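I opened this notebook to keep track of what I looked up, one topic at a time. I wanted each entry to be something I could check again by eye.

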Amino acid sequence: MIKGQITGVGVGPGDPDLITLKAMKAIQKADIIAYPAPDNGVSFARQIIEKNIPLHSGQSEYKITIPMRIERFPAQEIYDQAANDLAAQMEEGKNIVVLCEGDPFFYGSFMYLHERLYKKFRSTIIPGVSSVMALASVTQSPLCERNELLTIIPGPLDEDLMTAQLQEEKTAYVIMKVGRHIEKIKRCLIATNRLDKAIYVERASLPNQKILPLSAVDEGNAPYFSIIQVRI
Ligand SMILES: C[S@@+](CC[C@H](N)C(=O)[O-])C[C@H]1O[C@@H](n2cnc3c(N)ncnc32)[C@H](O)[C@@H]1O
């Protein structure tokens with residue numbers, strides 16, 4: 001029997017027109033459209049494809065519900081269960097796409113399915129436009145140039161480590177997963193004299209996107225889809 005395959009498909013940062021043709025074709029051809037969704041809301045990746053890629057009657061959906069409680073993430077047993085369910089479908093010859101916001105292999109949860117499945121099934125990745133690229137496009141500020149370095153910092157990083165990272169010269173930064181870490185991030189940028197170079201963006205590429213100097217953001221908590229660019 002020919003087994004099915006699984007493809008992690010990057011669907012971009014939010015603007016439905018930022019989906020690649022390759023992603024669109026893969027989604028249209030798939031038997032099963034899988035996507036992560038928070039237990040308290042709708043799937044952002046699923047929403048992104050809504051406008052341009054209506055699913056047809058021959059396709060089914062598989063929701064991977066991810067609890068948003070911090071202490072449970074990454075929820076290994078959830079990926080075990082999803083990998084088992086999807087493996088059973090592939091044994092039946094079904095082709096599966098897993099929708100991933102941005103790029104699948106850039107802080108994307110598809111990697112947890114890939115590592116469980118790639119030895120037994122064909123698992124491929126279709127890259128997507130990452131939030132980092134969307135960030136620079138909406139701030140109209142290049143990420144880095146010439147011999148500059150670019151460092152990506154995850155917001156949950158320990159405060160001392162983050163401050164140490166931000167001390168590198170000739171280095172530009174992007175800080176992801178800002179959320180409840182915004183005040184700590186600000187402290188690190190103040191300690192390294194970089195707060196005035198930091199631009200804060202919420203929901204880049206979406207109609208309700210917000211762009212502000214980070215110094216003007218006074219919320220104690222930023223939304224999940226927020227990101228910071230720090231120029232040299
Ligand atoms: C788990 S990571 C996934 C990154 C994604 N795979 C990518 O390539 O952009 C989630 C983080 O990406 C950032 N992010 C994703 N989409 C965004 C958007 N449209 N605007 C701002 N930040 C975004 C936020 O920092 C968010 O906390």
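The entries below go from the domains to the two sheets, then to the ligand and to a few single residues.

**Entry 1: the domains**

I noted before anything else that this is a predicted model. I looked up the domain assignment and found domain 1 at residues 5-126 and domain 2 at residues 131-230. For their separation I took the C-alpha centres, and those of domain 1 and domain 2 lie 27 Å apart. The contact between them takes six residues from domain 1 and seven residues from domain 2. When I sorted the side of domain 1 that touches domain 2 by class, I wrote down three nonpolar, two polar and one charged residues.

**Entry 2: the parallel sheet**

I followed the strands of an open sheet of five, and I read their order as β3-β2-β4-β1-β5, with parallel pairing. Which strands stand at the edges of this sheet? They are β3 (60-66) and β5 (122-126), and each has a single partner strand, so one side of each is left without a neighbour in the sheet. Neighbouring strands here are turned by 25° against each other on average, with direction ignored.

To see one pairing in detail, I went to β2 (residues 32-38), which pairs with β3 in the parallel sense over seven bridges. I could place Ala34 opposite Tyr62, a residue of β3. I reminded myself that strands of a sheet pair through backbone hydrogen bonds, either parallel or antiparallel.

Two helices then caught my attention. Helix α1 (residues 21-29) lies across β1 (5-10), β2, β4 (96-100) and β5, and it runs at about 140° to β1. Helix α3 (residues 76-91) lies across β1, β2, β3 and β4, and its angle to β3 is about 165°.

**Entry 3: the mixed sheet**

I traced another open sheet of five strands, in the order β6-β7-β10-β8-β9, and here the pairing is mixed. Its edge strands are β6 (149-154) and β9 (210-213), each of which pairs on one side only. On average, neighbouring strands of this sheet are turned by 20° against each other, direction ignored.

I checked the pairings one by one to see where the mixture comes in. Strand β7 (residues 171-176) pairs with β6 in the parallel sense over six bridges, and Leu150 stands opposite Ala172 in β7. Helix α5 packs on this sheet, where it touches β6, β7, β8 (198-202), β9 and β10, and its direction makes about 65° with that of β10. By contrast with the parallel pair, β7 and β10 run antiparallel and are joined by three bridges, with Val174 opposite Gln229 of β10. Strands β8 and β10 also run antiparallel, joined by five bridges, and there Tyr200 stands opposite Ile228.

I then asked myself how many residues of β10 are buried. Five of the five are, so β10 is largely enclosed by the rest of the structure. In a regular strand the side chains alternate between the two faces of the sheet. I therefore looked at the two faces of β10 in turn, listing Ser226, Ile228 and Val230 on one side and Ile227 and Gln229 on the other, all of them buried.

**Entry 4: around the ligand**

I listed the residues around the ligand, 22 of them, and Gly102, Ser130, Ser131, Ala204 and Ile227 come nearest. The elements that give two or more residues to this shell are α5 (131-139) and β10 (226-230). By class, I noted eleven nonpolar, seven polar and four charged residues in the shell. Where does the ligand lie with respect to domain 1 and domain 2? Both domains give residues to the shell, so the ligand lies between them.

**Entry 5: single residues**

I picked out Lys177, whose phi is near 50°, a positive value in a residue other than glycine. Lys177 is found in the loop between β7 and α7 (182-191), and it counts as partly exposed because 18 C-beta neighbours lie inside 10 Å.

Ser205 also has a positive phi, near 80°, and its place is in the loop between β8 and β9. Is Ser205 buried or exposed? I found 21 other C-beta atoms within 10 Å of Ser205, and since 20 or more are needed, Ser205 is buried.

Last, I looked at Asp80 in helix α3, which is exposed, with 12 other C-beta atoms within 10 Å. The C-alpha atoms of Asp80 and Gln167 are separated by 40 Å, and these residues are 87 apart along the chain.

Methods. Residues numbered from 1 in each chain as written. Predicted model: local features only at pLDDT ≥ 70, side-chain atom pairs only at ≥ 80, totals over all residues. Near = placed C-beta within 6 Å. Helix = DSSP H or I, 4+ residues; strand = E, 2+ residues; numbered from the N terminus. Nonpolar A, V, L, I, M, F, W, Y, C, P; charged D, E, K, R; others polar. Domains from an automatic or database assignment. Pairing = 2+ DSSP bridges. Axes fitted to C-alpha atoms, helices over the stretch in contact; angles between N-to-C directions.
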